[in-house]
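Let's take a friendly walk through a protein model, one topic after another. Have the structure open beside you and look up each part as it comes along.

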Amino acid sequence: MTPIIGISMGDPAGIGPEICIKALSNSYIYEQCHPFIVGDANVLKKTAEDLHLSLTVNPVRSHEEAIFKHGCIDVLDMQSVNLPELRLGEVSAMAGDAAFQAVRKVIELALNGDIDATVTAPINKESIHKAGHNFSGHTEIYAHFTNTKKYAMLLVDDSLRVIHATTHVSLRKACDLCTKARVLEVIQLLHDACVQFGIANPRIAVAGLNPHAGENGLFGDEEINEIIPAIVEAKEKGFNVEGPVPPDTMFVKAVQKKYDGCVAMYHDQGHIPFKLEGFQWDNEKQTMKSVKGVNITLGLPIIRTSVDHGTAFEVAGKGIASPDAMLLAIDYAILMSKYKKK
């Protein structure tokens with residue numbers, strides 16, 4: 001059966017509505033899935049008009065009213081934005097609440113089994129907080145409303161798959177959270193995800209936390225006390241894993257296909273090489289010309305993929321945002337939903 005994909009529109013003051021509309025202007029998406037957007041129909045109508053695309057927006061009250069036809073974008077209308085009050089590129093409680101309610105709705109639909117997968121456009125954390133929703137990001141929202149305790153962020157593009165042992169915490173706290181149990185947990189999650197992507201015996205590399213992966217305790221003992229014991233136990237469970245690998249060379253090897261997946265110990269250790277590989281900056285136009293990468297939350301009872309970039313307030317409304325990451329996020333949602341149905 002054709003999977004039904006629910007896409008939250010993201011922060012209406014950012015580029016979320018634009019990349020949703022641009023992505024669904026591609027006919028091949030409709031050949032592979034039944035997509036619809038959850039958000040504010042008036043915002044999406046105006047976005048389509050501003051982009052001068054030959055599309056219509058079809059507001060619906062439930063996913064059952066969607067027609068899933070290319071050229072007509074179905075929007076489960078949350079009526080969450082007062083359009084005259086919306087200021088593109090600005091933080092606001094109204095935009096934050098609209099983005100948050102769209103995310104809540106796609107989670108609810110997925111938990112009820114009404115849709116097969118969810119895809120999220122970017123939200124602005126400051127706007128979310130201003131609206132009274134004190135979450136540090138999508139990952140934490142999904143974990144909370146699905147009552148998930150063991151989860152992790154996986155970044156994926158054509159050449160890299162990077163899971164994170166820790167994400168949105170201070171670097172000092174991240175060091176404390178890199179325990180044997182947590183490292184073993186993310187190795188398992190990464191292994192299972194790679195199998196879900198069609199890799200039978202994934203080769204997994206685990207980064208060290210300290211410079212030179214600790215240099216046998218000379219630069220820190222977290223590798224000796226926590227990371228190496230996790231790797232030993234993972235090998236005993238039958239996983240094809242090696243490490244701790246010094247992170248300054250691990251990602252170089254990974255992009256050359258030595259590994260199918262990598263374990264990063266903290267947010268920037270994984271995000272920096274990933275974005276160096278997937279993002280392209282246009283120095284002349286002073287904007288990103290390509291932002292390719294998918295953020296997948298592993299460990300949830302439902303499927304969630306997302307673009308791996310922010311709201312880009314600085315280019316909101318200019319019509320120059322790249323939909324590359326949104327297209328890739330939809331592709332992965334389709335891939336994972338088909339596997340889940342087997």
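This is a predicted model, and our tour begins between its two domains. The number of salt bridges between domain 1 and domain 2 is zero. Polar contacts give a similar picture: across this interface, zero residue pairs are found in polar contact, with both residues at pLDDT 80 or more.

Which helices supply at least two residues each to the side of domain 1 that touches domain 2? They are helix 6 (138–145) and helix 12 (324–341). Helix 12 gives the most to that side, with five residues.

**The two domains**

Where does each domain run along the chain? The domain assignment gives domain 1 as 4–148 + 300–339 and domain 2 as 152–276. Ten residues from domain 1 and twelve residues from domain 2 take part in the contact. Between the C-alpha centres of the two domains there are 30 Å.

The size of an interface is often given as the accessible area lost when the parts come together. Here domain 1 and domain 2 bury about 990 Å² between them, and 59% of that lies on carbon and sulfur atoms. On the side of domain 1, the residues that lose the most area to domain 2 are Asp308, Tyr332 and Tyr339, which together make up 49% of what that side buries.

**A closer look at helix 6**

Now return to helix 6, which is mostly covered, with six of its eight residues buried. The buried ones are His138, Thr139, Glu140, Ile141, Tyr142 and Ala143. What do they pack against? Their partners are helix 4 (93–111), strand 5 (117–120), strand 6 (152–156), strand 13 (294–298) and strand 14 (304–307). Just after helix 6 comes Asn147, with a positive phi of about 55°.

**Backbone surprises**

Most residues other than glycine have a negative phi, and most peptide bonds are trans. With that in mind, have a look at two residues, each with a positive phi although neither is a glycine.

| Residue | Phi | Loop between | Relative accessibility |
|---|---|---|---|
| His52 | about 55° | helix 3 (41–51) and strand 3 (56–60) | 72% |
| Ala213 | about 55° | strand 8 (203–207) and helix 9 (222–236) | 11% |

Are these residues buried or exposed? His52 counts as exposed because its relative accessibility is 72%, where the cut-off for exposed is over 50%. Ala213 counts as buried because its relative accessibility is 11%, and buried means under 20%.

Another backbone feature sits in strand 9 (residues 240–245), where Pro244 is found. The peptide bond from Gly243 to Pro244 is cis, with omega near 0°.

**A buried charge**

Our last stop is Asp74, in strand 4 (residues 72–77). Asp74 is buried yet has no salt bridge. How far away is the nearest side chain of opposite charge? That side chain belongs to Lys69, and the distance is 11 Å.

Which residues does Asp74 touch, not counting those up to four places away in sequence? Its contacts are Pro35, Phe36, Ile37, Asn58, Val60, Ala66, Ile67, Phe68 and Lys69. Lys69 is thus on both lists: Asp74 touches Lys69, yet the charged side chain of Lys69 is 11 Å away.

Definitions and conventions:
Residues numbered from 1 in each chain as written. Predicted model: local features only at pLDDT ≥ 70, side-chain atom pairs only at ≥ 80, totals over all residues. Heavy atoms only, no water. Helix = DSSP H or I, 4+ residues; strand = E, 2+ residues; numbered from the N terminus. Buried < 20%, exposed > 50% of the residue type's maximum accessible area, 1.4 Å probe, protein only. Lys, Arg positive; Asp, Glu negative; His and termini not counted. Salt bridge = Lys/Arg side-chain N within 4 Å of Asp/Glu carboxyl O. Contact = heavy atoms within 4.5 Å. Domains from an automatic or database assignment. Buried area = accessible area lost by both parts, 1.4 Å probe. Polar contact = N/O pair within 3.5 Å; in protein donor to acceptor, adjacent residues only side chain to side chain.
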